[in-house]
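This report introduces a protein model to a reader who has not met it before. The sequence and the structure are shown first.

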Amino acid sequence: LVTFFSHSSGLGGGERSMLELIKELKEKNIFSHVVLPSEGAMQKELEDMKVPYDIVGLNWWANSKQRNLEESVSISSSSLNNLFKYLPKLKLINPDLIYSNTIVSPWGAIAANHIDKPHIWHIREYGELDHRFIFDSNYTEIISFIEKYSDKIITNSHSLADYLNKFLLNKKPLVAYNYININQNLLKEKIISPYTNKNSLKIIVSGTIEEGKNQLEAIDTVLKMKKNGINCELLLLGSIPDIKYYNKLSNIIDKEKANSYIHILDFVENPYPYFQLSDIVLIASNKEAIKTMSDS
C-alpha cells in the first residue's frame with residue numbers, strides 16, 4: 001500500500017500524473033491511498049477509481065508572495081497540528097511507503113518520519129525559477145530537508161535533476177518522465193468553441209493563470225501577430241488563483257480591444273477537446289520542469 005500526499009485537490013498536470021501512477025500501480029496489484037489537503041475535483045476521480053482518501057488541512061511551505069515570520073509560523077503550526085491529529089489513523093492504515101507529489105508540501109516526509117516509513121519525494125518543479133514561489137526557508141535549506149527526509153528523490157526531467165544536484169550533497173535524483181493517458185471518451189466530449197473565427201490560427205496556453213506561466217508574453221506575441229496581418233486567436237485556459245495578475249491580463253486585452261481574438265477561460269475538468277480545437281499548443285512559462293532537447 002502506498003499513501004500519496006497530494007499538494008492539491010485539483011486536476012493540474014502534477015495531479016493528473018499522480019492519478020496515472022495510481023492506475024498503473026493498481027494494475028500491478030499495488031493499492032493506493034491519498035491524503036488531500038482540501039475538497040476538490042480530485043475526489044471524484046479517486047471515487048471513480050475506488051481509491052480511498054482522507055482530507056487533512058495541510059498548507060504549502062511556499063507562496064507567491066513573501067510571508068512574514070508570524071504568518072509562516074501560524075500556517076506551519078496549523079498544518080502540523082492537523083497532521084499530528086491525523087497520524088494515529090495513518091498508523092492504522094499502515095502504508096508500506098509514503099509518496100510526496102511535489103516540492104511545495106513537506107507533510108508527507110514529516111508523516112513518514114514520525115511513523116517510521118520509507119518516503120519518496122517526487123519533485124515536478126523548480127519552485128523559484130518557474131512558479132516564482134517564495135519558500136518559508138531559503139532554497140538550500142528546503143533541498144537539504146528534502147534530501148534528509150527522503151529515501152529516494154524523483155524528478156520529471158534531467159534538466160531539473162541537474163539543477164537540484166547543485167544543492168544535493170549525497171542523493172542523486174532519479175528521472176521518470178511523466179505522461180497522462182487520455183481516455184478517448186474525454187476527447188469526444190462536445191464543447192462550445194471559445195474561438196470565434198473558423199479561419200484563424202488557433203493558439204492555446206494551458207495552465208494556471210499566474211506570473212510563472214507567463215501568459216502576458218503570449219498575449220504580447222499575439223498582439224504583434226495581429227498587427228502584422230496574421231489572422232490568429234489565443235485561448236488562455238486555466239484556474240485563476242492570482243486575481244491581480246488576471247486583472248492585469250484582462251486590462252491589456254480591453255485596452256487593445258482584443259476581446260474578439262484573445263479569450264480567457266477558467267479551469268475545466270476536461271481540457272482535451274480545447275486542445276483538439278487548437279492548432280498550436282504554446283508553453284510561455286519562464287521555465288518548466290519538463291523534458292527538453294538536452295534530455296534526449
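The text below treats the salt bridges, a buried aspartate, a cavity, a pocket and a surface patch in turn.

**Salt bridges**

The model is a predicted one. Its salt bridges number three, and the table gives each pair with the distance between the closest N and O atoms.

| Basic residue | Acidic residue | Closest N and O atoms |
|---|---|---|
| K44 | D48 | 2.9 Å |
| K89 | D54 | 2.6 Å |
| R67 | D136 | 3.1 Å |

The pair K44 and D48 belongs to helix α2, where the two residues are four positions apart and therefore separated by about one helical turn. K44 has a relative accessibility of 48%, so it counts as partly exposed.

The salt bridge between K89 and D54 has its closest N and O atoms 2.6 Å apart. This pair connects distant parts of the chain, since K89 lies in helix α3 (residues 69–93) and D54 in strand β3 (residues 53–55), 35 residues apart. The surroundings of the two partners may be described by their accessibility. K89 is partly exposed, because its relative accessibility is 41%. D54, by contrast, has a relative accessible area of 11% and is therefore buried, the limit being under 20%.

In the remaining salt bridge, R67 and D136 bring their closest N and O atoms to a separation of 3.1 Å. R67 is in the loop between β4 (62–63) and α3, while D136 is in the loop between β7 and α5 (139–148), so the bridge ties together parts that are 69 residues apart in sequence. R67 counts as buried because its relative accessible area is 13%. D136 reaches 29% relative accessibility and so counts as partly exposed.

**A buried aspartate**

D130 is found in the loop between β6 (119–123) and β7 (134–135). Its relative accessibility is 3%, so D130 counts as buried. Between D130 and V205, which are 75 residues apart along the chain, the C-alpha atoms are separated by 15 Å.

**The cavity**

The structure contains one cavity of 30 Å³ or more. The volume of the largest cavity is about 40 Å³. The residues lining the largest cavity are F5, S6, H7, P37, L58, N59, W60 and S105. By class, this lining consists of four nonpolar and four polar residues, with no charged residues.

**The second largest pocket**

The second largest pocket has a volume of about 430 Å³. Its lining comprises 18 residues, and those nearest its centre are R16, K23, E45, N183 and L186. Two or more lining residues are contributed by each of the elements α1 (13–27) and α2 (42–48). Helix α1 supplies the largest share, four residues. Sorted by class, the lining of the second largest pocket has eight charged, seven nonpolar and three polar residues.

**The surface patch around L186**

L186, one of the residues nearest the centre of the second largest pocket, is located in helix α7 (residues 184–187). L186 counts as partly exposed because its relative accessibility is 30%. Together with I180 and I182, L186 makes a nonpolar surface patch of about 190 Å². L186 thus appears both in the patch and in the lining of the second largest pocket.

Notes:
Residues are numbered from 1 along each chain as its sequence is written. This is a predicted model: local features need pLDDT of at least 70, side-chain atom pairs count only at pLDDT 80 or more; totals for chains, interfaces and linings use all residues. Side-chain values use heavy atoms; hydrogens and water are left out. Patches are made of residues with over 30% relative accessible area and no salt bridge: like charges are joined within 9 Å, nonpolar side chains (Val, Leu, Ile, Met, Phe, Trp, Tyr) within 5 Å. Accessible areas come from the Shrake-Rupley method with a 1.4 Å probe; for residues, only the protein chains shown count as cover. A salt bridge is a side-chain nitrogen of Lys or Arg within 4 Å of a carboxyl oxygen of Asp or Glu. Buried means under 20% relative accessible area, exposed over 50%, partly exposed in between (1.4 Å probe, protein chains only). On a 1 Å grid over the protein atoms alone, a cavity is a set of points where a 1.4 Å probe fits but cannot get out, and a pocket is an open set with protein on both sides within 12 Å along at least five of seven lines; lining residues have an atom within 4 Å of a point. Grid points are joined across faces, edges and corners, and a volume is the space filled by probe spheres set on the points. Ala, Val, Leu, Ile, Met, Phe, Trp, Tyr, Cys and Pro count as nonpolar, Asp, Glu, Lys and Arg as charged, and the others, Gly among them, as polar.
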